[in-house]
Amino acid sequence: MNSQSQSFVTFADLMSKVGSFLFYWSWLEQGLSKSIVEMREALGDQPKPVRGELKKRLEAWSNLLNRTGISDDQIDIANAVVEQALAIKAIRNIIVHGLWGGDTHSDTDGRSIECVVSGYEEPDGKRVRYTLDDLEHFTQATDACRRAFIDLSYFNYMLDRSLAVSN
């Protein structure tokens, strides 16, 4: 995003970026489930529902990939996809469960959303800010994982781990 496009940012702009990120997150989860179903079918497994929290589904995906006989290089890529998806999940959870507000008046590129870490159930007093650029970065990292569920060679964008906050 160039400085000219950041000269006037509204709260609606911030929420639009949050919404885009959440749409891509949903597509990631759908793509993961579709990949699991397709690999089970290709491997001759009995059809069954794809259930469980994200970590369990990523483990199932990884195990199915290993059964397809992928190369060591591809295993490394698959492991990076799993790590990135889990890191993005932590960010997503902070945004979804801890969204507190937004700042559109900052003159120092601080136009951002503010989130309470650990949400409202177990707030620890920490807050984190994500700028419009951060939200776009999360969206691109999420989409890279989604694309990897189609084909590992489509995984071409890495999350900046310094932006991840464990919760």
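**Salt bridges, a pocket and a buried glutamine**

E114, R127 and R129 are joined in a network of salt bridges, a salt bridge being a side-chain nitrogen of Lys or Arg within 4 Å of a carboxyl oxygen of Asp or Glu. The model behind this is a predicted one, in which local features need pLDDT of at least 70, side-chain atom pairs count only at pLDDT 80 or more, and totals for chains, interfaces and linings use all residues. Residues are numbered from 1 along each chain as its sequence is written, and side-chain values use heavy atoms, with hydrogens and water left out.

As for the overall layout, the protein has four helices and three strands. Here helices (H or I, at least four residues) and strands (E, at least two) are DSSP runs, numbered from the N terminus. Starting at the N terminus, the order of the elements is α-α-α-β-β-β-α. Out of 167 residues, 42% count as buried; buried stands for under 20% relative accessible area, exposed for over 50%, and partly exposed for what falls in between (1.4 Å probe, protein chains only). Contacts, meaning heavy atoms within 4.5 Å, can also be sorted by how far apart the partners sit in sequence. Among the contacts with a separation of 6 or more, 60% come from residues 24 or more positions apart.

Back to the salt bridges, of which the structure holds nine. Within the network, the side chains of R129 and E114 meet at 3.5 Å, N to O. This pair ties together distant parts of the chain, 15 residues apart: R129 belongs to strand β3 (residues 127–131) and E114 to strand β2 (residues 112–116). The two ends have their own settings, as R129 is partly exposed with a relative accessible area of 45%, while E114 counts as buried at 16%.

Other salt bridges stay inside one helix. In K34 and E38, the side chains meet with 3.8 Å from N to O. The two residues are four apart in helix α1, so about one helical turn separates them. K34 counts as exposed, at 53% relative accessibility, and E38 is partly exposed, at 45%. Helix α4 offers another case: R146 forms a salt bridge with D143, and their closest N and O atoms are 2.6 Å apart. Both residues lie in α4, three residues apart, which is about one turn of the helix. R146 is partly exposed at 23% relative accessibility, whereas D143 is buried at 10%.

E38 turns up again at the largest pocket, which holds about 260 Å³ of space. Some care is needed with the terms. On a 1 Å grid over the protein atoms alone, a pocket is an open set of points with protein on both sides within 12 Å along at least five of seven lines, whereas a cavity is a set of points where a 1.4 Å probe fits but cannot get out; lining residues have an atom within 4 Å of a point. Grid points are joined across faces, edges and corners, and the volume is the space filled by probe spheres set on the points. The largest pocket is lined by 17 residues, and those closest to its centre are S35, E38, F149, I150 and D151. Two or more lining residues come from each of α1 (11–42), α2 (54–67) and α4 (132–150). The biggest share is that of α1, with seven residues. Sorted by class, the lining has nine nonpolar, four polar and four charged residues. In this sorting, Ala, Val, Leu, Ile, Met, Phe, Trp, Tyr, Cys and Pro count as nonpolar, Asp, Glu, Lys and Arg as charged, and the others, Gly among them, as polar.

Then there is Q84, placed in helix α3 (residues 72–98). At 0% relative accessibility, Q84 counts as buried. A polar atom of its side chain lies 2.9 Å from the backbone oxygen of A141, and the backbone oxygen of Y157 lies 3.0 Å from a polar atom of the Q84 side chain. Setting aside neighbours within four places in sequence, the residues in contact with Q84 include A144, C145, F155 and M158.

N156, in the segment after α4, is by contrast exposed, with a relative accessible area of 56%. Beyond its neighbours within four places in sequence, N156 is in contact with A144 and R147. With R147, the side chains make a polar contact at 2.3 Å; such a contact is a pair of N or O atoms within 3.5 Å, where within protein one must be able to donate a hydrogen and the other to accept it, and residues adjacent in sequence count only if both atoms are side-chain atoms. N156 and A141 are 15 residues apart in sequence, and their C-alpha atoms are 8.6 Å apart in space.
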